[in-house]
Every structure is written in structure tokens, then in C-alpha cells.
Amino acid sequence: MRQFLRHQRYLIDYSLAALARRPGKHLALLLVYTLVVFLLASVMLFTQSLRREAALVLAQSPEIILQRQLAGRHDLMPAEYLDRIGRIRGVSAKYGRLWGYFYDPAVRANYTLMVPPPGSPEHGEPAPGEIVIGAGIARTRGLEVGDYLSLRSARGEPFTFRVAALLPHSTELVSTDLMLLGADDFRRFFAFPVDRFTDIVLQVRNPREVRKVAEKLSLALPDTRPILREEILRTYDAVFGWRQGLVFVLMGGMVLAFVIFAWDRAAGLSGEERREIGILKSIGWETGDVLRMKFWEGAILSLTAFFLGYLLAYAHVFYLSAALFEPVLKGWAVLYPDFRPVPFVDGIQVATLFFFTVFPYTVATVVPIWRAAVTDPDAVMR
Amino acid sequence: MIELRDVKKVFNQGRGSELWAVRGVTLDLEPRQVTVFTGPSGSGKTTLLSMIGALARPTSGRISLDGKLLSNLPERFMTQVRRRTFGFVFQRFNLIRGLTVLENVMLPAYPLAPDYGDLRHRARALLTQFGMDAKADDKVEWLSGGEAQRAAICRALINAPRILIADEPTANLDSARSRELIGLLGELQDLGKTVLVASHDPLVFESARVSRVVEMRDGLLAEGA
Amino acid sequence: MLLSPAVLALNGVSFTVTLMLILAAGFALQVIRHWDLSSGSERQLELERRTYLIATLVTWSFAAAVVSLLLFVYNAEQLATQFVGAMCATGVLNAHPLGWPTLFLKILIFFPGAAWLMLNRLDNQAPDYPLVRVKYWLLLGFLPLAALEAGVQLGYFLGLDPDVITSCCGSLFTADGDGVAATVAALDPGWSLTAMYGLGLSVLGLGAVHGWRARRGASGVGFALAGALAFAAALAAIVSCVALYVYEHPHHHCPFCILKGGHGFIGYWLYLPLFTATALSLGVGLISGWGHIPSLTAAVQADGQRFTAAALALFALFYGVATYAILTSNLTMTGVWW
């Protein structure tokens with residue numbers, strides 16, 4: 001075993017020296033290789049952190065959202081339904097929610113107005129006349145704490161709110177267009193009926209009981225539709241996965257071009273290189289030794305490119321907020337959240353990246369390397 | 001003791017450029033002698049030497065080394081024998097450019113993966129023996145013809161082979177260096193090694209240190225060899 | 001079809017591996033037909049050169065297959081959120097009839113691959129390459145397996161429909177379900193542990209016997225058979241008994257959840273030694289029968305001893321870790337099982 005390791009060390013020594021002797025030739029390949037890794041890794045890192053964000057955020061949301069349906073469309077939920085649900089085993093909490101959308105013609109953006117649910121951590125219900133707004137609204141309307149925001153209500157009258165606080169920057173992905181206000185203000189602003197809620201939410205702690213509870217709800221309240229959090233998660237996941245996959249397919253062309261380039265590089269041995277291999281074989285190196293040495297060359301190149309590309313991608317996504325990719329992956333809206341992705345790396349990602357870059361490179365170079373390694377040693381004597 | 005029986009070698013068989021380099025050579029070579037193969041270019045002496053030195057396989061015929069068949073060995077085993085038994089010095093030196101003299105000398109031992117310190121020591125000892133230790137850390141591109149030849153000889157000897165094969169060793173040397181080289185080869189014979197040389201340089205095959213001259217022509221031994 | 005990068009990668013790799021093996025098989029056919037070591041003709045020299053390429057292609061295919069198996073399991077784990085009812089990889093595999101076959105095929109490829117590489121290594125140690133034709137015929141047999149795996153995997157991923165409601169390991173591996181998984185889970189823990197340790201002892205014993213001299217084919221093949229049986233028993237024992245101790249839950253039979261970090265990654269300590277040891281033992285069985293060929297006698301013995309020792313060490317490691325998991329677990333089933 002020690003002999004084997006020593007042998008590899010000698011071969012690696014030689015490979016390193018060989019690479020260093022022809023920097024120009026290998027630099028071009030290294031650059032392209034690094035670029036390929038960089039692009040693919042950026043996509044993966046970005047999508048992965050978005051996915052993670054979504055999952056983390058949704059973890060806070062209630063397990064079941066119950067919406068009333070009228071002729072197949074979303075209708076307001078009568079408050080008495082809360083009582084009609086009664087006690088269902090497994091439901092640890094239930095309450096009505098008040099929320100809605102508001103179109104602000106001044107900036108042509110949609111806001112989400114919401115009354116904070118009972119038990120919300122940071123913000124209890126804002127005081128009458130006060131609101132708490134998200135960063136997107138603050139930015140587009142140029143608002144700071146203490147400023148006033150005037151909006152036209154459902155009845156046509158202007159409502160003036162005072163900005164009591166801004167929602168934390170870290171929640172921007174979901175709160176950028178959010179406006180929190182008191183229940184009375186909400187009902188007056190939207191002329192919302194007193195005995196109605198927007199929807200009802202229920203908390204079910206045991207994930208295995210969620211479906212059963214949903215079943216019971218639809219039996220008890222036939223004109224309602226339960227939406228499960230796990231379904232939302234699945235949809236997000238699917239969308240992110242699908243989008244990511246699409247980008248990868250589009251990049252397939254790039255990977256193919258890279259593979260052809262790599263093959264060409266490996267196959268295009270100069271006369272000098274061929275002579276060198278002939279010399280090695282004539283002084284006592286076997287085909288196996290030359291093969292392994294050439295593979296170490298490829299491995300050194302691959303590892304360098306992989307490492308560099310990945311690091312650059314990491315920097316790109318987490319320090320530059322993936323400047324190149326936002327349009328494709330985020331979708332479009334007027335209020336762009338200033339999203340700072342949270343680093344998240346996992347094994348699948350690295351393995352998949354590896355299979356998209358290092359594996360094709362290795363396969364493309366197998367035959368050219370072999371062809372070089374079987375050079376006849378006596379060619380050197382002629 | 002090297003035995004050749006009806007050894008033939010063809011290149012590009014079956015194609016228009018088919019060439020029979022060696023057409024049937026039967027020969028016995030004694031150990032611990034300096035044997036020179038002469039003949040015009042194209043006579044097949046280089047090809048013959050490459051087959052004797054286990055660098056290539058004969059198309060047909062047999063080559064044995066000390067009674068053991070060499071010619072039917074597959075490449076892996078042929079190389080193992082070659083590493084242990086033969087050292088090569090080429091016409092154009094064939095040192096690897098970009099590496100130092102010391103590194104070049106150590107190269108043939110890499111597949112055997114010996115202890116690094118030992119190997120370096122051995123290499124330096126050889127270089128000292130041939131007066132090259134001052135140049136050990138110089139890049140080979142900077143060596144003169146004679147120095148490169150000596151470096152090549154050191155490289156050929158790193159694995160302590162019994163038999164040294166030199167192909168046109170004086171082709172790129174002036175007369176003084178040539179005579180020096182022939183002297184070196186003679187010294188090697190005194191150390192118990194067998195030396196086989198291919199050369200059409202009269203300085204070589206007319207030298208007193210040469211034990212035997214084998215003449216070749218058109219892939220066969222010339223009459224009276 | 002689920003268009004995630006990991007799925008694309010898995011399919012890409014399986015197809016590339018199949019292509020590499022087709023290439024290797026093509027060359028192998030030529031070698032089988034025209035190999036003649038005594039000839040020094042150019043064709044023979046070319047064939048000898050080709051053997052290096054074949055060996056390289058097979059080695060890379062094997063390495064890719066191993067990593068691909070791991071990626072497949074992880075990916076299934078990650079896809080669990082997409083499927084209603086699935087909470088880990090088990091549910092994802094269950095969502096389509098080709099799910100489990102894909103996994104079994106991926107595992108299955110591992111063993112002949114490893115054994116072939118060991119046989120190739122043996123053959124390379126003899127100057128007359130006595131096993132040339134044998135090993136390349138075996139390679140030809142290997143190819144359909146790889147192609148099948150690629151096809152089945154593709155079928156599985158194409159057919160995976162996230163709208164299918166699947167079951168999680170709780171309902172799949174539960175004792176009162178049906179199917180192979182349920183049958184395995186329902187095995188009496190006493191019996192499965194006895195089988196595991198019993199076969200473990202026999203594999204260790206036969207290994208010691210064979211490793212002593214490693215000269216006879218019969219003891220080598222016996223070792224290989226014992227290894228295969230021990231492998232099956234070990235897997236059954238993991239599902240029906242050992243996993244429960246790891247999870248400290250009398251009904252959680254899932255074989256995948258032990259790979260997760262929450263359990264100290266103990267799954268790796270169990271599966272990696274087990275798989276490697278089984279592969280080595282099968283390889284030993286394959287190489288042990290050739291001691292009668294004079295040029296191979298010494299190599300058969302040397303390799304046989306070396307690999308048997310490695311296999312025994314790894315089997316011992318596996319049984320050690322399994323026992324450790326049982327003994328250090330907070331789950332006590334005395335009175336229930338014992």
C-alpha cells in the first residue's frame with residue numbers, strides 16, 4: 001500500500017511539472033472549465049438557497065388554510081364557521097385571518113395588507129392609524145418610520161396611516177410588499193363586513209393527521225376548500241426544481257461544447273509531447289504508468305477548475321446576490337425584494353455538479369489519453 | 001547471453017508502405033563485451049537493437065535472454081525486464097526538456113517507486129562518477145553535447161542494468177568527445193556490463209576497445225559476421 | 001418528468017456508462033476473436049494496447065456507478081417533499097413500480113463490476129494472460145445489466161408523477177402490509193438476528209479457512225456464497241431489527257433514514273463495510289478457481305489472501321457496528337422480543 005502511494009506521488013510530481021511546462025495550453029482549458037463549473041454552480045447554489053428560504057419561511061405558516069368557495073371562486077369566510085368547525089382532534093389552534101390586496105396606482109404596485117394573527121412574535125396588532133410596512137413599499141414610496149402614507153379606500157376616501165415600524169430586512173423575501181395594520185382599520189379601509197374573515201387557518205401538529213383533519217373539515221363545511229401547507233411546499237419545490245432543470249438543459253449545449261473542446265485538447269498532442277511520452281516509455285515507463293500520469297494531469301486540472309469555479313460561484317451568489325440570474329429564477333414583479341441568499345451547500349449539489357462537469361471531461365479524455373499512452377517506445381529510436 | 005533466432009520485423013504490414021526492417025537475423029551475443037553493429041542507414045541495426053533491448057517485439061522469430069524467452073512477453077512484462085536489464089542511450093540524447101539533469105536521471109526509477117532519498121542519493125552518485133554533479137540542478141537545455149551525453153548515460157544506469165545499448169552515440173559529438181565516450185563505454189565493460197552499440201562512425205567500430213563488430217545490410221547480417 | 005439537475009445527471013451518467021461499456025464490449029469481442037499471444041503481428045500488438053483501454057473504461061464505469069448509486073438514494077431522499085405521503089426516499093421509490101427495481105439494479109451492478117476488476121488484476125499478473133477470453137466473455141455479460149439499469153432508471157424517472165399519492169416508510173415497511181418490504185419488516189427480530197449472526201460466523205469462518213492458504217477454488221467459492229448469503233441476511237436484519245434500535249422506535253423499519261445525520265450517519269458505517277466486504281468476497285470466489293494455471297498460482301494465492309483478509313476485516317467492522325447500535329440503543333425490547 002505504501003508502495004502504491006509512493007508510486008502515485010511520483011506520478012503526480014511528474015504531472016505537476018508537465019503542466020507547469022506548458023502553461024499556455026492548459027490555461028485556456030482551465031479557464032473554460034472553470035467557467036462551466038462557475039455557471040452551473042451558481043444556478044444550483046442560488047436555487048438551492050431560494051428553496052431553503054421558502055421551506056424555512058413556510059415552516060412558520062399554518063398547516064391548513066381553509067378558504068370559502070362560492071361558485072368555484074374564493075369568497076369571504078363567515079365568522080360563525082369557526083364555531084361550526086367545533087373541536088377536531090389534532091387541531092391545536094384555529095383562528096380567522098384578515099388580509100387582502102391593494103393596488104397603489106401611484107407606483108403601480110400591489111400591496112398585501114394584513115392583520116397580524118394572534119400570537120405573532122414581533123408585532124402585535126398596530127395601534128389605530130398606524131402601519132408596519134415591508135422594505136419594498138418603503139423603498140418605492142420613499143418612506144421611513146414616522147412618515148405618513150395616504151391610500152384611497154374602497155369607498156373612495158383617503159386613509160392616512162403613520163408608519164410605526166419597518167419589517168426586518170431578513171424577511172424581505174416574503175414581506176417586501178406587506179403592510180400590517182389593526183383589525184378595525186382593516187375593516188374600515190376595505191369596507192369589510194364585520195362578520196366575515198378572509199379565511200380560516202388551523203394548526204395541526206402531527207403531520208400524519210393533516211389529511212384526516214382536512215377531510216373532516218370538508219365534510220363539516222362543504223362549501224370550503226382546505227389548502228395544505230405541504231401542498232404549497234411541494235409546488236414551490238417543483239417550480240424551483242423545474243426551473244433549475246430547465247436552465248441546466250439549456251446549459252447542456254454549453255457542456256457539450258466544453259466536452260468537445262476538452263477532447264480536442266487532449267487529442268491534439270504536439271509532436272513534442274508525443275516524443276516526451278516515447279522517451280518515458282523507452283526509459284522504462286509502462287503504458288499503465290503513462291496512463292495514470294495523464295489521468296493525474298486531468299485530475300489536477302479538474303480539481304482546480306472545480307474548486308475555483310465553485311468558490312467563484314459561491315462568491316457570486318452570496319456576495320453579489322447572483323446578479324446574473326435574478327431575472328430567470330425569481331419571476332417578475334414591480335417590488336423586487338433585496339434578497340440576500342443564505343449560504344447552503346449540500347452533498348447532492350456537489351455530486352450533481354461533479355457529474356455535469358468533471359465526469360464528462362474525464363470521459364471525453366479517456367480515448368485521447370489512451371491513444372497517447374500507447375505510443376510505441378521504439379518510435380523514439382527512429 | 002542474448003540469443004536471436006530468425007528474427008524478423010515488419011512495419012505497416014499489409015499496406016502500401018510495408019517495410020521489412022529486419023528480415024531474419026540469427027545471432028548469439030556474449031556478455032561483458034562491447035559489440036558494435038554497423039551498416040548503412042536503413043540496414044535495420046537500430047530496429048534490431050530496439051528488439052534486443054525489449055523496446056519492441058519481433059514480428060516473428062525468438063529472442064532469449066539467459067535462456068528465458070523475451071520476445072513473446074506482453075508489454076507489461078517486457079517493460080519490467082527492460083527496466084531491470086537494459087539501459088538506453090539515444091542518438092539525440094532524448095532528455096526531457098524543462099527538467100533538471102538530476103530529475104532526468106531519476107525518471108526511469110519512478111515506476112519502481114523507491115524511497116525518494118535513496119533515489120536522489122543514487123542519482124547524485126552516478127552524476128559524480130561521470131563528472132556531472134556540478135550540473136545536477138541545471139536545466140538540460142543548457143548542456144553542451146558532451147554533457148548531455150554523459151547525463152544520458154547516467155540516466156541509463158540509474159536502475160543498475162547489466163546491458164547498455166547505445167544508438168549512434170557519437171553522431172552529435174566532435175572527435176575528442178567521441179573518443180572520451182568510447183573510453184567511457186570501455187570502462188563500463190570493465191565494470192562487468194555488456195555494451196551494444198549501433199554506429200556507422202569509424203572512430204567507434206575501429207576502436208581497440210571494441211570486442212566484436214557485426215555488419216548489417218538490408219535487414220540481414222552481412223556475410224562473414 | 002421531473003426535470004431537476006440531479007435526475008438529469010443520473011440519467012446522463014447511466015447512459016454514458018452504458019456507452020462506455022458498449023465500446024469496451026466491442027473491443028472485447030475483437031480480443032476474443034483474434035487474440036494470439038505468441039504472434040508478434042501488428043494486430044496482436046494493437047489488441048494488447050486495447051486491453052488497457054478496456055480496463056480503463058470499465059474502471060471509470062464502475063466508479064461512476066458507485067457514486068451514481070449514492071446520488072440516487074440522496075436524490076430520492078430530497079424528492080420526498082414532492083410526493084404526497086412520502087417522508088423519505090422509501091416513499092419516492094414506491095411512487096412508481098420501477099422505483100425499487102432501479103435501486104436493486106444499481107446495487108446489483110456494483111458486485112460483478114468489482115469482481116471483474118479483481119479478475120482483471122489477477123490476469124494482468126501472468127505474462128501469458130491466461131484468462132483473457134474468460135474475462136472478456138464475462139464483460140460481455142456485464143453489458144446488458146448496465147443497459148438494463150439505464151433503461152429502467154429512465155423509465156422510472158419518466159414515469160414518476162408527483163400527483164401519485166404514495167406511502168411512506170411507515171406504511172410500506174409496516175408488518176401488516178404486503179409486498180417484499182413488508183415481509184422483510186415483519187420478520188421476527190429474533191430469527192433475523194440469529195440468521196445475521198449465524199451467517200456472519202459462517203462467513204468469517206469460511207473466510208479464515210480460505211485465507212489460510214487461498215489455494216483451492218472450493219473454499220473460495222464457499223466463501224463467496226457465504227458472503228452473498230450474509231449480505232442478504234444482513235440487509236434483512238437491518239430492516240427488521242437493527243434499524244429499529246438505531247431509531248429507537250419499534251416500528252420504524254426504513255433502511256434509508258439511518259443514512260441521515262440525525263443518527264450519526266451510522267448508516268454509512270453499516271452499508272459501506274457490508275457492501276465492500278460482500279463485493280470482495282464475491283471477487284475472491286471468482287479468482288480462487290484459477291490456481292491450477294501455473295503462471296497464476298502464486299498470484300491467486302497472494303491476491304486471495306489479501307482480499308480475503310480485507311473482506312473479513314470489513315465484515316467484522318459491520319457486525320461490530322451493528323452490535324454497537326443494538327447495545328447502545330435506548331430501546332429495550334426485553335420482554336417483547338427476547
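**Strands, helices and chain contacts, term by term**

Trainee: In strand 9 of chain A, which residue is the bridge partner of A:Glu130?

Mentor: That partner is A:Arg162. Bear in mind that this is a predicted model.

Trainee: OK, what makes strand 7 and strand 9 of chain A a pair?

Mentor: Pairing needs at least two bridges. Strand 7 (residues 130–133) and strand 9 (residues 158–166) of chain A are joined by 4 bridges, so they count as paired. They run parallel.

Trainee: How do you know that strand 8 of chain A pairs with strand 9 of chain A?

Mentor: By that cut-off of at least two bridges again: strand 8 (residues 148–152) of chain A has 5 bridges to strand 9 of chain A, so the pair qualifies. This pair runs antiparallel. A:Tyr148 stands opposite A:Arg162. In the hairpin of strands 8 and 9 of chain A there are 5 residues between the strands, and A:Gly156 takes a positive phi near 95°.

Trainee: Over to chain B. What makes strand 6 and strand 10 of chain B edge strands?

Mentor: Each of them pairs on one side only. The open sheet has 6 strands in the order 6-7-8-3-9-10, with mixed pairing. At the strand 6 (86–89) edge, 4 bridges lead to strand 7 (residues 163–167) of chain B, and the two run parallel. B:Val89 stands opposite B:Ala166 there.

Trainee: Which strands of chain B does helix 5 of chain B touch?

Mentor: Helix 5 (residues 145–157) of chain B packs on the sheet by touching strand 6 and strand 7 of chain B. Its direction makes about 165° with that of strand 6 of chain B. That is over 145, so the two directions are roughly antiparallel.

Trainee: Now chain C. Why are helix 9 and helix 10 of chain C called roughly antiparallel?

Mentor: Check the angle: helix 9 and helix 10 (residues 266–287) of chain C pack at about 165°, with axes 7 Å apart. Angles over 145 earn that label, and therefore these two helices are roughly antiparallel. The crossing is left-handed. Among the residues making the contact are C:Gly220, C:Ala234 and C:Ile238 of helix 9 and C:Leu270, C:Leu274 and C:Gly285 of helix 10 of chain C.

Trainee: What makes C:Ala234 stand out in the largest nonpolar core?

Mentor: Of the 221 residues in that core, C:Ala234 is one of those that touch the most other members, along with A:Val37, B:Val105, B:Val197 and C:Phe318. Helix 9 (residues 217–247) of chain C gives the most to this core, with 18 residues. Apart from that core lies another, of 31 residues, including A:Tyr81 and A:Val132. Leaving aside neighbours within four places in sequence, C:Phe318 is in contact with C:Ala234, C:Leu270, C:Pro273, C:Leu274 and C:Ala277.

Trainee: How many residues of chain A are in contact with chain C?

Mentor: 26 residues of chain A are in contact with 26 residues of chain C. Helix 8 (229–267), helix 10 (287–319) and helix 12 (347–373) of chain A each supply at least two residues of that side of chain A. Helix 12 of chain A has the largest share, 11 residues.

Trainee: And how many residues does the contact take from chain B and from chain A?

Mentor: 23 residues from chain B and 23 residues from chain A. Helix 1 (45–52) and helix 2 (75–85) of chain B each supply at least two residues on the chain B side. Helix 2 of chain B gives the most there, with 5 residues.

Technical notes:
Residues are numbered from 1 along each chain as its sequence is written. Chains are lettered from A and ligands numbered from 1 in the order in which they are written. This is a predicted model: local features need pLDDT of at least 70, side-chain atom pairs count only at pLDDT 80 or more; totals for chains, interfaces and linings use all residues. A nonpolar core is a set of buried Ala, Val, Leu, Ile, Met, Phe, Trp, Tyr and Cys residues joined through C-beta atoms within 7 Å. A residue is buried if 20 or more other C-beta atoms lie within 10 Å of its own, exposed if 12 or fewer, and partly exposed in between; C-beta atoms are placed from the backbone. Two residues are in contact if their C-beta atoms, placed from the backbone, lie within 7 Å. Axes are lines fitted to C-alpha atoms, for helices over the stretch in contact, and angles run from 0 to 180 degrees between N-to-C directions. Angles under 35 degrees count as roughly parallel, over 145 as roughly antiparallel, 65 to 115 as roughly perpendicular and the rest as oblique. A crossing is left-handed if the near helix is turned anticlockwise from the far one by less than a right angle, and right-handed if clockwise.
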